[in-house]
Structure formats: structure tokens, C-alpha cells
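Here are my notes for your first look at this protein. Keep the 3D view open while you read, and take the points in order.

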Amino acid sequence: MNTLRIKNAARRALSVFLLGCLLLSACARTPPAPIDVAENTILPTAEQPAGSEMEHISLVEPNQTYTYEMLVADADELAAAYPGLIEVTSAGQSVEGRALTLLKLGRGDVKVLLLGAHHAREYITSAFLMETADEYARAYVRGDGQGGANLLDSVTLYILPMVNPDGVNLVQNGPDAAADPERVKGMRMLKETYAEWKANINGVDLNRQYPCHWEEKASNTDVPSSEMYKGTAPATEPEVQAVMRLCEENAFALAASFHTKGEVVYWADSGTEDAIEAAAPIAQSISEVTGYALMEVSGDPAVYGAGFENWFRQEYLKPGFCIELTPVGNGSLPHDDARFDELVWSRAGGLASVLMRQALDVEEK
Ligand SMILES: [Zn+2]
């Protein structure tokens, strides 16, 4: 998995684009700190060719069924490969006791939160965020040699790629892989297969769990289910509690939560629209870079209530986005993972740059 690989030409071209984005200077705002090339240079290892022209190897392989175990291994390798740039910790534990792996990428004071896989079958968002960490770290190191200011000098990305690892495990490996298979098999199925599961392993939909208009949130199921069940109260699930704690401990300038199927951006709701003026221009920037459509302002708490981004906006009055990567297709089943580049990266590869630049603007105002 982590041997030196040659990626395709499209990926390389996009990496050049990313580097260009990253090098868009933050120096109009703050003078860049002097760049310590020695500190930022990664020493060649046995796997890496030595020499000034060496390209840092790509560690994350997103064009496959991306598992929790891959994520944990890749996160550790990234932390080892980019000391001082990437730090890996845990934001908490899932119901089944999996560590909620958190990557901190960057050296800046401005913090941006990126979340993936609230919904189990949408685990390609985890691959997206891990590929983002990998490619942006590589671009950062390559950029140092050119002496450019870099967004990651001003911003730190807090990346929680897989909010719902137990659910992802169920989707990828079936109910017998759960800690308590019989309990899972006793839950209500709103789709035919476990590969279509959205909820956590308690049968609670984690994006219907946040304490924001939770009581008003409509639901068509009132028992633990494969999707849609909002639970007996807000924030009962440890995965949601971990995300909320992370937000309480860090003053994020903005947050984005990634889902799949739609290629759209949810950027405002009627409860907070007037209080978060920065959201509209940021949403516009996201749309321009990705081509994703902007949704109307969400108007009905029965529909938008209890989502992460809605809670984040209400609680902190900062921009919060729900971004639906990937085109519609394959019904409710996960996408063909081998098509990651085409379905995800070709449009969303530059997203983190946009979010970082916009976060700097938010903090300036
Ligand atoms: Zn979703």
C-alpha cells in the first residue's frame, strides 16, 4: 500500500494546481514567517529516492474501498513522514471503541474543521479527506524550496475523516463484523442491504443528533434503524459528543462536513442566515472551484434541524457547510471506489485551499 507509486498524469496535473493554490500568498495579510527549510525538509528514507529532485511519496491510496484500518495506518505514516506538519491524535471513541482519528495539518493559528463519514455508506468522504491531507502535505513541502508563503503556515486543518467508523465497518464487512451482530440484525432496515447503512452501530443517524432544533426534526422511524432515526435525545451518541467537544475546545473559523451524492453545497439555514454574513461569499467560492451547485437557504427546522453544520452555525455563528461530493449514481450503495479520481478528486481536490483562504478572511474581519 505504501510503496513508491507513480500516479497518473491527471493526479500529477492536479497536484501542480494544488500547489499553485497553496502558494497563493497569505502575505498580503500577515508577513510570512521566515521559512526554515532545514526544519521542513523530510529526510529520505529507505523508500524514498534521495536527491534534490525527489518527489515525496504518496502514502494514501484512495482508489479502493477505504477502511478504518487503512485510515489508522495511513494517519500514522503521515505523522511520521511530516513531523511538525501533521499531528495525529484521537477525538474520542466510537460505540465499539474505535479511536476517532484526528489529523492536525498545518502550522497556523486559524483553525478549520473538516469532517467525513457521519454517514456510514459515504465512506468515500474519508478517502477524500485522507487524500487531502496527503497531497497538501506533499505540496507544502515541495513549495518550501521555492520560498513561497503557504496557507498551511497560517491555517491548521483539523481533519476528522471518519466520524462513524463502526458504521463504515458494517457497510464494508457486513453485520457479522460488528461487535454484537445479533443486535445489529435486529434493527430496522430502511434499505435492503447493510452496504446501504447510514447510521452508527446503535442505529442512530449521526447527522440527526445535534442539539439544534432536534425536537422539531422530522423522522419517519422511531426505533434504531439503518438510517433516519434521530435517537431518544440529542447528543446521546459518543461520536457526536466527540465532534461537539472538539468544537468546544477549538475556536474554528469555519467547518465543513462532507457527504456524498449530489454535488451541491448546503451553506445556510433560516435560523442563522442573517447572523453569518461571510457564508454566502464563501459558498460562492466553493461553487466556483468545484462546480457544485449552491442550495437554497434551508427554511424548515423540521428538515434541516439536528445536522452538524446547523448546530455549528447556531452555536458559534461561524460559517458551516454541508458539502455533497460526487454525482448521483449507484442508488443508495457506495460508489465504485476505483473511480475516486473521477467522482471526487477531479472536482474537489482544490476545496481545502479555498476553505483555508476563506477562513483567513473570516478571521480578519
Ligand atoms: Zn450523508
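1. Start in the sheet, with strands β3 (residues 110-116) and β5 (residues 252-260): they run parallel and are joined by six bridges. Do remember that this is a predicted model. For one pair to click on, try Leu113, whose bridge partner in β5 is Ala255.

2. Next, find helix α8 (residues 238-249), which packs on the sheet. This helix touches β1, β2 (99-106), β3, β4 (155-160) and β5, and its direction makes about 130° with that of β1.

3. Now zoom out to the whole sheet. It is open, has eight strands with mixed pairing, and follows the order β1-β2-β4-β3-β5-β8-β6-β7. Which strands stand at the edges? They are β1 (86-93) and β7 (293-294); each has a single partner strand, so one side of each is left without a neighbour in the sheet. As a reminder, strands of a sheet pair through backbone hydrogen bonds, either parallel or antiparallel.

4. For the antiparallel kind, go to β1 and β2, which pair over six bridges. Gln93 has Ala99 in β2 as its bridge partner. The two strands, β1 and β2, form a hairpin with five residues between them. In that turn, look for Gly97, which has a positive phi of about 90°.

5. Last, the overall picture. The protein's secondary structure comes to 13 helices and eight strands. Of its 365 residues, 48% are buried. Among contacts between residues at least 6 apart in sequence, 80% join residues at least 24 apart.

Definitions and conventions:
Residues are numbered from 1 along each chain as its sequence is written. This is a predicted model: local features need pLDDT of at least 70, side-chain atom pairs count only at pLDDT 80 or more; totals for chains, interfaces and linings use all residues. Helices (H or I, at least four residues) and strands (E, at least two) are DSSP runs, numbered from the N terminus. A residue is buried if 20 or more other C-beta atoms lie within 10 Å of its own, exposed if 12 or fewer, and partly exposed in between; C-beta atoms are placed from the backbone. Two residues are in contact if their C-beta atoms, placed from the backbone, lie within 7 Å. Two strands pair if DSSP finds at least two bridges between them. Axes are lines fitted to C-alpha atoms, for helices over the stretch in contact, and angles run from 0 to 180 degrees between N-to-C directions.
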